[in-house]
Amino acid sequence: MTDRVINHIEKLGEDYFTQSILKPIFEAKNYKWVDFNGGPNEFGADLIAVKDDDLTGDYELVCIQSKKIKSSKKEIGQDSKLYKLIIQLQQCLIRNRPLPDGKEKCADKVILAVQGRLHVRLRDEIKDHTKQGIIILESPRIAELLRTHCFEIYKKINTTVSSITNNPNLIFGNQSLKKALRSNNLKNITDYSCDLEFFIGGRKKPLFIIEDYKKFLAPLNAKEKEILWLISACKKTESFAQNPLIIGDIASINCKFQEELLKYESESNKNLKHDIQNKKEALHKLEVHIQRITKSTLREHESKIIEEILNLIYSGEQSKIDGDIKKKIEESFFSTNYLKEHLKLSRSISLKESSLLEEPSVEINFSENFISEVNRVSTQYKHNLNVIENEDSSTEIVQELLDAASFLLNFQTVFFDNASPLTKRVTNDHIKKYNSRISFSPSILFDSTRDLALLGGAGYGKTTTLQSYALKCQSNGRRDCIYIELTRYRDILKKYIPDTKGIAIKRYAFLDFILESHSIKPNRESRDELKAILDSGFWMHPN
């Protein structure tokens with residue numbers, strides 16, 4: 001029972017811990033004046049307790065600093081919070097505090113009340129820094145003081161008697177669970193839902209395994225659209241991969257590319273491009289006249305010969321035309337400047353095109369280490385999938401499978417989104433279509449402690465699967481399964497967890513949702529109490 005109290009103490013917020021746990025203890029130990037002093041002007045003391053000596057009339061003054069410290073903290077080092085704690089304790093030791101008779105004095109005792117257990121090295125370091133006697137109370141001792149001096153509070157925590165759990169509507173989803181399980185007429189706890197088809201990923205976009213990831217090593221000729229995709233892709237892959245996506249720094253590559261793009265999109269280059277286009281249109285009109293005159297002059301010859309003659313004229317190589325035909329052509333164009341004008345326009349266009357800047361592009365090489373990492377994770381996924389399907393699997397193997405699946409789904413999202421230029425590199429022939437399909441019980445995945453969402457269309461068995469798993473947990477004596485029918489509280493859920501992209505979800509959104517859905521006003525005290533109960537694995541069972 002004490003463990004539950006200790007767990008409850010360590011989960012509370014510092015101010016609530018000071019007021020609801022420490023203050024009653026000192027009041028029970030005959031301190032007549034016990035004041036909460038937390039805030040910006042506390043000068044080291046979260047709680048000040050004073051009592052008088054009936055024989056001498058003197059006052060005993062105790063300053064208490066409450067702090068939540070993780071047991072993993074072994075030394076102060078560069079931790080700014082621990083440095084601040086030392087300063088607060090020193091303030092407790094040297095600063096005068098007002099007494100009930102109007103006088104002032106320094107603390108007779110300074111107590112550090114810890115929500116947790118201090119590492120021995122950290123305990124010694126705190127005492128060395130303060131130089132004077134600091135009394136350290138840790139969670140086990142505080143729980144014992146509650147038991148011996150504030151038994152009602154101790155009992156209340158153990159029996160979870162509170163404004164939350166006394167609420168008849170707040171049974172943490174188990175009422176819905178019981179109702180759901182009773183309605184199914186299950187004869188046993190066999191997880192028959194494993195007969196359903198399950199996929200890693202989504203039904204329309206399940207996880208797939210590519211036969212050969214080396215095809216992604218081929219360089220990518222990237223223009224503006226591809227560069228924009230690469231910037232996004234590099235940032236996304238940093239969140240799940242150990243190796244960079246490409247060789248080189250994408251920011252530097254983009255900087256140089258933008259410089260070339262500015263030149264390409266400059267007004268002078270646009271004007272040059274427009275001028276070339278106008279001259280090409282004039283050249284085309286001229287060639288129409290040349291073609292009409294040439295065909296009329298050589299109408300007795302085959303069309304193939306006429307085409308060859310026109311090609312020589314267009315290329316400015318009239319000297320290569322045979323004598324008789326050449327003479328006829330010259331006579332036909334004697335009264336016009338078509339041939340000279342054509343030659344002039346052609347040379348002008350060629351000269352301008354040599355100065356025209358084409359749309360810039362850059363060759364991108366993908367990191368071989370990144371592709372090797374993807375291939376390694378893919379191999380691990382396939383191996384673990386085979387182990388789970390054919391052997392007794394451990395939680396560790398399942399966690400590795402899910403971690404690999406998460407990696408590959410992230411890779412898949414980046415490399416095969418609508419903007420990706422790499423999608424065309426993979427065809428259906430390169431994909432193992434059924435690697436995402438799992439034929440083992442989904443309970444194995446749920447037991448992994450990883451965050452999971454079960455998706456599927458209407459009638460696919462989502463509710464049945466979760467109810468079956470919850471029943472199995474209950475039958476096995478597990479107390480950490482909470483079943484909540486979110487559809488019953490849709491409006492409240494949208495209030496705290498909006499479905500609009502880009503809107504941040506508040507830190508305590510889900511706790512506030514649970515509280516309000518059961519007619520309890522969300523505030524710091526109710527959140528702390530609910531969080532402590534959920535973390536302890538305790539909930540009320542309906543009669």
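This talk goes through the overall make-up of one protein chain, then one helix, an aromatic cluster and several charged contacts.

Good morning, colleagues. Please keep in mind throughout that the model before you is a predicted one.

I begin with the chain as a whole. The protein chain has 20 helices and 13 strands. Of its 543 residues, 39% count as buried. As for the contacts between residues at least 6 apart in sequence, 69% of them join residues at least 24 apart.

Let me turn to a single helix, α13, which covers residues 338-355. Its 18 residues, at 1.5 Å a residue, should span 26 Å, and the end C-alpha atoms are indeed 26 Å apart, so expectation and model agree. Which residues of α13 are buried? They are Leu339, His342, Leu345 and Ile349. Viewed down the helix axis, the buried residues of α13 fall within an arc of 125°, and therefore they line one face of the helix. What do these buried residues pack against? Their partners are α10, residues 267-297, and α11, residues 303-314. On the face of α13 turned away from the buried side we find the exposed residues Lys340, Lys344, Arg347, Leu351 and Ser354. That list includes Leu351 as well as Lys340, Lys344 and Arg347.

I move next to the aromatic residues. The count for the structure comes to 15 aromatic pairs. In general, a pair of aromatic rings is described by the distance of the centres and the angle of the planes. One aromatic cluster is formed by Tyr213, Phe216, Trp229, Phe366, Phe370, Phe411, Phe415 and Phe416. I shall take Phe415 as our point of entry to this cluster. Phe415 lies in helix α15, residues 395-415. Is Phe415 buried or exposed? Its relative accessible area is 0%, so Phe415 is buried. Leaving aside residues up to four places away in sequence, Phe415 touches Phe216, Trp229, Leu245, Phe370, Ser420, Leu422 and Thr423. One of these contacts, Trp229, is 186 residues from Phe415 along the chain, yet their C-alpha atoms are separated by 9.6 Å.

A ring also takes part in a contact with a charge. The charged end of Lys51 sits over the ring of Tyr31, at 4.6 Å from the ring centre.

Finally, the salt bridges. How many does the structure hold? There are 13, and I have chosen three for discussion.

In one of them, Arg524 pairs with Asp15, with the closest N and O atoms 3.8 Å apart. Arg524 belongs to helix α20, residues 524-535, and Asp15 to helix α2, residues 14-28, so this pair ties together parts that are 509 residues apart in sequence. Arg524 is partly exposed, at 47% relative accessibility, and Asp15 is likewise partly exposed, at 31%.

Another salt bridge joins Arg527 and Asp512, whose closest N and O atoms are 2.6 Å apart. Here the residues are 15 apart, with Arg527 in helix α20 and Asp512 in helix α19, residues 509-517. Asp512 has a relative accessibility of 7%, and because buried means under 20%, Asp512 counts as buried.

My last example, Glu260 with Lys263, has an N to O distance of 3.8 Å. Both residues lie in helix α9, residues 250-264, and because they are 3 residues apart there, about one helical turn separates them. Glu260 is partly exposed, with a relative accessible area of 40%, and Lys263 is partly exposed too, at 46%.

Thank you for your attention.

Terms used:
Residues are numbered from 1 along each chain as its sequence is written. This is a predicted model: local features need pLDDT of at least 70, side-chain atom pairs count only at pLDDT 80 or more; totals for chains, interfaces and linings use all residues. Side-chain values use heavy atoms; hydrogens and water are left out. A salt bridge is a side-chain nitrogen of Lys or Arg within 4 Å of a carboxyl oxygen of Asp or Glu. Helices (H or I, at least four residues) and strands (E, at least two) are DSSP runs, numbered from the N terminus. Buried means under 20% relative accessible area, exposed over 50%, partly exposed in between (1.4 Å probe, protein chains only). Rings of Phe, Tyr and Trp (its six-membered ring) pair if their centres lie within 6.5 Å; planes under 30 degrees apart count as stacked, over 60 as edge-to-face and the rest as tilted. A charge sits over a ring if NZ of Lys or CZ of Arg is within 6 Å of the ring centre and within 35 degrees of the ring normal. The expected span of a helix is 1.5 Å times one less than its number of residues. The arc is that of the directions from the helix axis to the C-beta atoms. Contact means heavy atoms within 4.5 Å.
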